[in-house]
Structures are given as C-alpha cells and as structure tokens.
Amino acid sequence: MEQQSHPYGPSVARLVDEFAEMPGIGRKSAERLAQYVVNLKKPAAARLIQAIDAVKRSIRRCEVCHTLTEAETCEICSDPRRESSLVCVVEQPRDVISLEASGVFQGKYHVLHGCLSPLNGIGPEQLTLDSLVKRVREQGVTEIVMATNPTLEGDGTALFISNLLADDNVRITRLARGIASGSVLEFANKEMLADALRGRQSF
Ligand code: ZN
C-alpha cells in the first residue's frame with residue numbers, strides 16, 4: 001500500500017490509504033470518506049467499528065454451497081421450495097447475488113471461490129470441486145448450470161468441470177451467451193441474466 005502524507009497527520013493518511021484500497025474508490029472518494037470518519041461523533045464511530053467487527057466474526061461459507069452466510073447453511077440451501085436437483089455453478093458469492101436479482105432461477109448454487117488460472121497458480125484443489133462432485137453423486141443433482149464468467153479462465157473452468165462429470169448422470173448446461181464474451185457476471189444487468197438463464201444451452 002502506498003503511504004501518502006496528509007495535512008492532518010499520519011493517522012488520517014492511513015485511513016485514506018485504507019479507503020483507497022476499496023473497490024471503486026479513488027483517492028478523492030477515499031479522502032471524502034476519511035473526512036466523514038474524522039467528523040463522526042464517538043458513538044457513531046464505535047458503531048461503524050462494531051459493524052465491521054461483527055461481519056468479520058460471523059461471516060463464513062455455507063457448508064453446502066460455499067456462498068457467504070452467517071449461518072451454517074445459507075438461506076437458499078435451507079429453502080425447501082428451491083429445487084435441489086438443479087445447481088448453478090458460479091465463481092464468486094457476489095454472482096449468486098446478481099443471479100438472484102434476476103428472480104428466475106429456482107434451483108440452488110455452488111460457489112467455486114475462483115476459477116482455474118494456471119498463470120496465477122490456481123488449480124482444481126483451490127476450488128470447491130470435490131464438494132461439487134460429491135453433491136452430484138450423493139445429493140441427486142440432475143442438472144448443472146455453468147454460470148462461470150464468459151472469460152478464457154471461466155470457460156476453461158466450466159470445461160474442466162464438464163469433463164470431471166462426464167461419466168456422471170447429470171445434464172450440463174450453460175448460460176446463453178446474451179452476456180458479452182469477456183464480460184463479468186457481476187456487471188451484467190438482471191434482465192440479461194434472466195434471459196441467459198431461461199435460454200441456457202447444453203454444454
Ligand atoms: Zn448454501
């Protein structure tokens with residue numbers, strides 16, 4: 001992290017640097033957020049600290065689908081109205097949120113926590129693949145919908161999984177390519193994602 005000086009002193013400089021690390025926050029926004037914190041009354045500052053602390057203490061991975069949750073099993077996995085035999089495979093927990101916003105998917109999810117990326121040293125053992133195979137073999141999954149990002153690495157990961165499950169009695173589909181190649185699921189709008197889910201094709 002680049003330590004830049006601040007007219008107020010080093011502790012404010014440090015706070016600006018921390019905010020500047022956040023996604024979508026440039027130095028100007030980081031400066032505004034730091035000013036906000038500087039002006040907070042002590043009880044409000046304590047609430048902010050406690051909110052961050054509570055999240056860091058309670059957030060964990062769902063023991064079934066590996067999305068983030070504060071319970072042992074996430075809301076979607078615990079919902080008896082959701083179709084357990086239909087599982088949508090995504091790279092990140094935020095992709096679950098994007099797909100849920102489309103409101104058309106009635107199945108469950110499986111979060112890989114990344115995609116295969118040999119250049120970055122991410123191999124199959126870094127992802128939640130064992131658990132996915134186990135779900136297919138032991139939990140009666142009949143369809144896997146590949147919703148990895150339409151990037152080289154996302155596609156490679158989907159292909160790897162489909163090979164992994166080639167001998168299993170499971171239908172493998174993928175999101176329709178309404179999503180521009182190379183784009184990331186997180187930034188697709190919900191209508192696009194709804195179309196991509198409805199129009200899913202055999203892998
Ligand atoms: Zn879950």
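**Chat about helix H7 and the zinc site**

User: Which residues of H7 are buried?
Analyst: In this predicted model, the buried ones in H7 are Gly154, Thr157, Ala158, Ile161 and Ser162.

User: Where do those sit, seen down the axis of H7?
Analyst: They fall within an arc of 135° when you look down the axis, so they line one face of the helix. That fits the usual pattern: an α-helix has 3.6 residues a turn, so residues three or four places apart point the same way.

User: And what's exposed on the other side of H7?
Analyst: Leu152 and Asn163 are exposed over there.

User: What do the buried residues of H7 pack against?
Analyst: They pack against strand E3 (83–90), helix H6 (129–138), strand E5 (143–146) and strand E6 (171–174).

User: How many residues does H7 have, and how far does it reach?
Analyst: H7 covers residues 152–164, which is 13 residues, and reaches 18 Å from its first C-alpha to its last. That is close to the 18 Å expected at 1.5 Å a residue.

User: OK, switching to the metal. Which residues coordinate the zinc ion?
Analyst: Four cysteines do, each through SG: Cys62, Cys65, Cys74 and Cys77, at 2.3 Å. In sequence those donor residues are spaced C-x2-C-x8-C-x2-C.

User: What parts does the pair Cys62 and Cys74 tie together?
Analyst: Cys62 lies in the loop between strand E1 (60–61) and strand E2 (68–69), while Cys74 is in the loop between E2 and helix H4 (75–78), so the pair ties together parts that are 12 residues apart in sequence.

User: Are those two buried or exposed?
Analyst: Cys62 is buried, and Cys74 is too.

User: Why is the arrangement around the zinc ion tetrahedral?
Analyst: The 4 donor atoms subtend angles of 105 to 118° around the ion, and that makes the arrangement tetrahedral. The cut-off behind that call is that all angles lie between 85 and 135 degrees.

User: There's a histidine in that loop too. Where is His66, and what about its phi?
Analyst: His66 sits in the loop between E1 and E2. Its phi is positive, about 70°, although His66 is not a glycine. His66 is also buried, with a relative accessible area of 14%.

User: And His113, what's the phi there?
Analyst: His113 has a positive phi of about 65°, and it is not a glycine either. You'll find His113 in the loop between E4 and H6. His113 is buried, with a relative accessible area of 18%.

User: Back to H4. What does Ile76 touch?
Analyst: Ile76 lies in helix H4. Leaving out residues up to four places away in sequence, Ile76 touches Arg82, Val96, Glu100, Gly107, Lys108 and Tyr109. At 16% relative accessibility, Ile76 counts as buried.

User: How many residues apart are Ile76 and Tyr109 in sequence?
Analyst: They are 33 residues apart in sequence and 8.1 Å apart in space, C-alpha to C-alpha.

User: How many aromatic pairs are there?
Analyst: The count is 1 aromatic pair. The rings of Phe105 and Tyr109 have their centres 5.2 Å apart and their planes at 55°, so the pair is tilted. Phe105 and Tyr109 are both buried.

User: Last one, H5. Which residues are buried there?
Analyst: In H5 (residues 93–102) the buried ones are Pro93, Asp95, Val96, Ser98, Leu99 and Ser102. They pack against E2, H4, E3, strand E4 (107–111) and helix H8 (190–198). Gly103 follows H5, with a positive phi near 70°.

Key. Residues numbered from 1 in each chain as written. Predicted model: local features only at pLDDT ≥ 70, side-chain atom pairs only at ≥ 80, totals over all residues. Heavy atoms only, no water. Donors = N, O, S within 2.8 Å, 3.2 Å for Na, K, Ca; no water. Tetrahedral: all angles 85-135°; square planar, octahedral: opposite > 155°, others 65-115°. Helix = DSSP H or I, 4+ residues; strand = E, 2+ residues; numbered from the N terminus. Buried < 20%, exposed > 50% of the residue type's maximum accessible area, 1.4 Å probe, protein only. Phe/Tyr/Trp six-rings, centres within 6.5 Å; stacked < 30°, edge-to-face > 60°. Expected span 1.5 Å × (residues − 1). Arc of directions from axis to C-beta. Contact = heavy atoms within 4.5 Å.
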